[in-house]
Amino acid sequence: MKRFLFYILALLLCGTAAYAIAYDRPLLVDFSPGSAEVPVQPIRVKIALYDWTENLEVKNAISQYNKTNPDHIEINVMDIAADVYDDTLNMLMTSGQGPDVFSVDNTWLATYVNKGYLANLSAELNTADLSRFPAWARNYAHSSLFRGGIYFMPSSVDTVRLLYNKQLFRDAGLDPEHPPLTFAAVKEAAARISQAGEGVNKYGFALPAGDSQDSLQTGLEISNTSSGYYLYNYQTGRYELSVYRLWLQMVLDMKHEGSLYPGEALLKRDSALRQFADGNIGMMYATSKDYVKLQEYMPKDDWGVAMPPVADSSKQGGGALMMIPHSPLVVNSSAPSREAAVKVWKFLQSGEFLTILFQQALALPVVDGILDVPGLAPGLGHFKEFVPAAAESIYPLSPQIMDQYDPSSVSMEPRDSGDRPRMQLYLQILSGERPLDEGLRSETERLNQMLDIADTGYSFQREEYIYPDFDPHNPLKAESLESRLSKGQE
């Protein structure tokens, strides 16, 4: 019996061995999991935008891009408050922690290029890419200030307008279909509106100078270009602020007469827009990017949009009204993945994304004919009145690079030193702390001193900012002195 069991066991072992040899498989059951597909790690691209990011449709577009792009790119939006955007961006860039794709104020472009912060996109942009943009945008981006490279392409603009409350015009006995065309007419209308609204806190005009960078640069400096006035003389290459005497005197007169909304030095733009929407302000300057905020406050009265008034009737059509290229998008030269960053840059510049911005009244795109496509205009009544007119134009850059040569400081880092003293001066004049003529003369001397000091350095060439044949009616047609010299024409 034992011998029989031995034979049976031997046969089983031989059969098992033969099976293993024939099929070359392990005898033990394999409990290890099957090979699973390894998920692809996304390429994260940090972006920073001056505005737009809180809009729901913009958020949805970015989210959809993250889900559907075939390159596994994930856009991460950095949260930077608009009122400290420029200062925060400067700090991040100088510390090497800057975003991969970001919008940068036009005044900082030359400085950022000179410091090597921005990627040259020339190799990534072909003829088809560039042909989407108007000629002025290509010329603007190809300026000699940018070392012959392409670091940005302006895809949208901001425009400046005068808002006015038609109901307050009616109450004051003014024609609501004929807004003021001159400074004198603005002052008269403001006085009549304030008199008609006396006792119920209605004011003829508001200047939200608490946001001086926006309100004073747009309401004062940019709006005056339609009179042919600008603080920088492109023909001579010198500054002259006396051209703003009439505008500042207009505001001083309104303040003296009680027709200027009180507390202008502390009044913020959002607060002024809310007061305008509530029917407490007769007139104020605004830009196209203010439109959405105003609509959020749901104006209770009928209101209108007009071109900025001129100094006097003789200055009507004195110059093209300056448009402001929206803060251009750029790519950080130190982005960990340049290829991914450029793809995100192209997505944010695409016709599809810019159409969303236009339909949300967030931007006025200058590419792909978006402004002219029927049915694309946003369903927001007055926004079409902010669309650029024939009498509007981009202007050549003025010498912003000189701001880093402020003799009152040893700091060589980018900052707004050239603009802030000028804005503070306007506030001091309006508050009565500085005499009008003396203040403008003093700041003119300071700005020209900045030019002279900058001219002693290596990164600034005065000739790049001088246009001997500059015509304020066609600001972009003039050729710079530096370009002429390089051609041997002088």
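Which residues are exposed on the other side of H2? Keep that in mind as you go through these close-ups of a predicted model.

**View 1. Helix H2 from end to end.** H2 runs over residues 56–68. With 13 residues at 1.5 Å a residue, H2 should span 18 Å, and its end C-alpha atoms are indeed 18 Å apart, so the two agree. Look at the N-terminal end too: Asn55 caps H2 there, with a side-chain oxygen 2.9 Å from the backbone nitrogen of Glu57.

**View 2. The two sides of H2.** Val58, Ala61, Ile62 and Tyr65 are the buried residues of H2. They sit on the same side of H2 because they cover an arc of only 95 degrees around the axis. Here's the general idea: an α-helix has 3.6 residues a turn, so residues three or four places apart point the same way. And the opening puzzle? On the other side of H2, the exposed residues are Leu56 and Lys67.

**View 3. What H2 packs against.** The buried residues of H2 have two strands to pack against, E1 (43–48) and E2 (73–77), plus two helices, H13 (338–348) and H14 (351–359).

**View 4. Asp79 in its loop.** Find Asp79 in the loop between E2 and helix H3 (85–94). Its relative accessibility is 75%, so Asp79 counts as exposed. Tyr50 is 29 residues away along the chain, and the C-alpha atoms of the pair are 9.7 Å apart.

**View 5. Stretches to take lightly.** Across the protein, pLDDT averages 86, but it stays under 50 over residues 19–29 and over residues 402–416. Where pLDDT is low, don't read the predicted coordinates in detail.

Technical notes. Residues are numbered from 1 along each chain as its sequence is written. This is a predicted model: local features need pLDDT of at least 70, side-chain atom pairs count only at pLDDT 80 or more; totals for chains, interfaces and linings use all residues. Side-chain values use heavy atoms; hydrogens and water are left out. pLDDT is the predictor's confidence in each residue, from 0 to 100. Contact means heavy atoms within 4.5 Å. Helices (H or I, at least four residues) and strands (E, at least two) are DSSP runs, numbered from the N terminus. The expected span of a helix is 1.5 Å times one less than its number of residues. Buried means under 20% relative accessible area, exposed over 50%, partly exposed in between (1.4 Å probe, protein chains only). The arc is that of the directions from the helix axis to the C-beta atoms. A polar contact is a pair of N or O atoms within 3.5 Å; within protein, one must be able to donate a hydrogen and the other to accept it, and residues adjacent in sequence count only if both atoms are side-chain atoms.
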